[in-house]
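The following exercises concern strand pairing and charged side chains. Each task is followed by a solution in steps.

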Amino acid sequence: MLERIGKDQAEDFRTFLHPIWMEVFTPMISGGAEMTEYFFQTWLSVPEMHRAMDEGYDFGFFTVDGKKVGVYSTLKEGERLYLSKVYVHGDYRGKGYGSMLIQELFEHGREQGCTKAYLHVNIANEKAIKAYERNGMHKAYRLIKSQGNGFATNDYVMERGL
């Protein structure tokens, strides 16, 4: 179940996501744990989350039987749904919860009148890429984007119709 949060729960979201973020991205980001932590604190600070919410992003927890299993963030862009954050806690991976979350996000998009969903995924995040492909998404193109200080994200943009 998708449980949308408000600004008052931004810190709870961060607390839940932090160990997942560090586990997933530390091996992929040059600069290791230090740079991974820097990006987490920069991109997912409480003020940044509040700004994103003010711009229309939804943030929330994905729960199963009352347990927090993952987190999500989405943005409706006309008829497209941007899946900004899709993360499942390590204790729940490999059990189908990621697909459940993705499918619920697709349904959420359809309910909002969206006809397409898309996301960015690090090209080295092979497990996530396979999970998205299992759920009908395909690689549309590669996007390398400067983040400043000599760092760039290197992502696939994946999409599918809803």
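**Exercise 1.** Determine how strand β4 is joined to strand β5, and describe the path of the chain between them.

*Solution.* Step 1. In this predicted model, three bridges join β4 to β5 (residues 116-122), and the two strands run parallel. Step 2. One pair of facing residues can be named: R80 stands opposite K116 in β5. Step 3. From β4 the chain passes through helix α4 (residues 97-111) and on to β5; this β-α-β crossover is right-handed.

**Exercise 2.** Characterise the pairing of β4 with strand β3 and the turn that links them.

*Solution.* Step 1. Strand β3 (residues 67-77) and β4 are joined by eight bridges and run antiparallel. Step 2. Within this pairing, Y82 in β4 is the bridge partner of L75. Step 3. The hairpin of β3 and β4 has two residues between the strands, and G78 there adopts a positive phi near 65 degrees. Step 4. As to burial, β4 (residues 80-88) is mostly covered, with eight of its nine residues buried.

**Exercise 3.** Identify the residue that meets R80 in a salt bridge, and classify the accessibility of both partners.

*Solution.* Step 1. The side chain of R80 meets that of E77 in a salt bridge, at 3.4 Å from N to O. Step 2. The relative accessible area of R80 is 35%; this value lies between the limits of 20% and 50%, so R80 is partly exposed. Step 3. E77 has 29% relative accessibility and therefore also counts as partly exposed.

**Exercise 4.** Examine the salt bridges within helices α3 and α4, giving the spacing of the partners along each helix.

*Solution.* Step 1. By the distance rule, nine salt bridges are counted. Side chains of opposite charge can pair when their charged atoms come close. Step 2. In helix α3 (residues 46-54), E48 and R51 lie three residues apart, about one turn of the helix. Their closest N and O atoms are 2.2 Å apart. Step 3. Both partners are partly exposed: E48 has a relative accessible area of 25%, and R51 has 35%. Step 4. A network of salt bridges links E48, R51 and E55. Step 5. In helix α4, E107 and R110 are likewise three residues apart, about one turn of the helix. The salt bridge between E107 and R110 has its closest N and O atoms 3.2 Å apart. Step 6. E107, at 35% relative accessibility, is partly exposed, and R110, at 32%, is partly exposed as well.

Technical notes:
Residues are numbered from 1 along each chain as its sequence is written. This is a predicted model: local features need pLDDT of at least 70, side-chain atom pairs count only at pLDDT 80 or more; totals for chains, interfaces and linings use all residues. Side-chain values use heavy atoms; hydrogens and water are left out. Buried means under 20% relative accessible area, exposed over 50%, partly exposed in between (1.4 Å probe, protein chains only). Helices (H or I, at least four residues) and strands (E, at least two) are DSSP runs, numbered from the N terminus. Two strands pair if DSSP finds at least two bridges between them. A crossover is right-handed if, with the strands pointing away from the viewer, the path from the first strand over the helix to the second runs clockwise. A salt bridge is a side-chain nitrogen of Lys or Arg within 4 Å of a carboxyl oxygen of Asp or Glu.
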